[in-house]
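The following paragraphs walk through one protein model, moving from the packing of helices to aromatic rings, charged pairs and a glycine. Please keep the coordinates open alongside the text.

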Amino acid sequence: MSPVVVLVGAPGSGKSTVGRLIADRLGVDFRDSDADIEAAAGQKIADIFVDHGEPYFRALEKAAVKEALAGHDGVLALGGGAVLDAGTRVLLKAHRVVFLDVTLPDAAARVGLNRDRPLLLGNVRGTLMKLMDERRPLYEEVAVLTVRTDREPEEIAADIVESLKK
């Protein structure tokens, strides 16, 4: 079993929104690794960060992504930082990975002051810019396709579905 497509990108890039649209168009299930982590831990991600710290969260994330890559045959959206793990990047090489490339203004507008994104608390725009700069090479490393997200989610999903047919 293997995902039809795996979506990666910065917070606010539209992985969940676009992923659900792709799944609907293809008639498959949508899965979000962040939701898997919350279900397994019995806590929101923000609470995991506060109660246990980022290293603990990253260990949960690594396990959740590995399990989803092996056991899900629909559309899979990964948390923005999942690509930080070298082992995860190796696993992603065997999959069709799409990097949803979002601009800083669009990402900042989409995430706003969302308290469910613990790494973005405080200076949202500055922190987001730093994360995007650090992670962009990793997203590009694992992606077989890069799609700009400066248009309607339906258009993005349609383009990705079309590319999957090729």
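The model shown here is predicted, and a search of the whole structure finds 2 aromatic pairs. In one of them, the ring centres of F49 and F57 lie 4.9 Å apart while the ring planes meet at 40°, so this pair is classed as tilted, an angle of over 60 degrees being needed for edge-to-face and one under 30 degrees for stacked. Both of these residues, F49 and F57, are buried.

The two phenylalanines also belong to a contact between helices, with F49 on the side of helix 3 and F57 on the side of helix 4. Two packed helices are described by the angle between their axes and the distance between the axes. Here the axes of helix 3, which covers residues 45-52, and helix 4, which covers residues 54-71, come within 7 Å and cross at roughly 130°. That crossing makes helix 3 oblique to helix 4, because an angle would have to be over 145 degrees to count as roughly antiparallel. Helix 3 contributes I45, I48, F49 and H52 to the contact, and these meet E54, Y56, F57, R58 and L60 of helix 4. Sorted by class, the contact of helix 3 with helix 4 consists of 6 nonpolar, 1 polar and 2 charged residues.

Which residue forms a salt bridge with R58? The partner is E54, and the closest N and O atoms of the two side chains are 3.1 Å apart. Both R58 and E54 lie in helix 4, where they are 4 residues apart, about one turn of the helix. Their surroundings are classed as follows: R58 has 18% relative accessibility and therefore counts as buried, whereas E54, with a relative accessible area of 30%, is partly exposed; the limit for buried is under 20%.

The count of salt bridges in the model comes to 11, and another of them also involves helix 4. K62 forms a salt bridge with D85, the closest N and O atoms being 3.9 Å apart, a value that is within the 4 Å limit for a salt bridge. Since K62 lies in helix 4 and D85 in the loop between strand 3 (75-77) and helix 5 (86-92), the pair ties together parts that are 23 residues apart in sequence. K62 is partly exposed at 43% relative accessibility, and D85 is partly exposed as well, with a relative accessible area of 24%.

Further along the chain, the side chains of K130 and E134 meet in a salt bridge with an N to O distance of 2.7 Å. K130 and E134 are 4 residues apart in helix 7 (residues 124-142), and so about one helical turn separates them. E134 counts as partly exposed, its relative accessibility being 43%. Elsewhere, R31, D36 and E67 are linked in a network of salt bridges.

The last stop is a glycine. G19 lies in helix 1, which spans residues 15-26, and is buried, with a relative accessible area of 0%. Which residues are in contact with G19 once its neighbours within four places in sequence are left aside? They are L7, G14, F30 and V75. G19 can also be placed relative to V5, from which it is 14 residues apart in sequence and 8.9 Å apart in space, C-alpha to C-alpha.

Conventions
Residues numbered from 1 in each chain as written. Predicted model: local features only at pLDDT ≥ 70, side-chain atom pairs only at ≥ 80, totals over all residues. Heavy atoms only, no water. Axes fitted to C-alpha atoms, helices over the stretch in contact; angles between N-to-C directions. Parallel < 35°, antiparallel > 145°, perpendicular 65-115°, else oblique. Contact = heavy atoms within 4.5 Å. Nonpolar A, V, L, I, M, F, W, Y, C, P; charged D, E, K, R; others polar. Phe/Tyr/Trp six-rings, centres within 6.5 Å; stacked < 30°, edge-to-face > 60°. Buried < 20%, exposed > 50% of the residue type's maximum accessible area, 1.4 Å probe, protein only.
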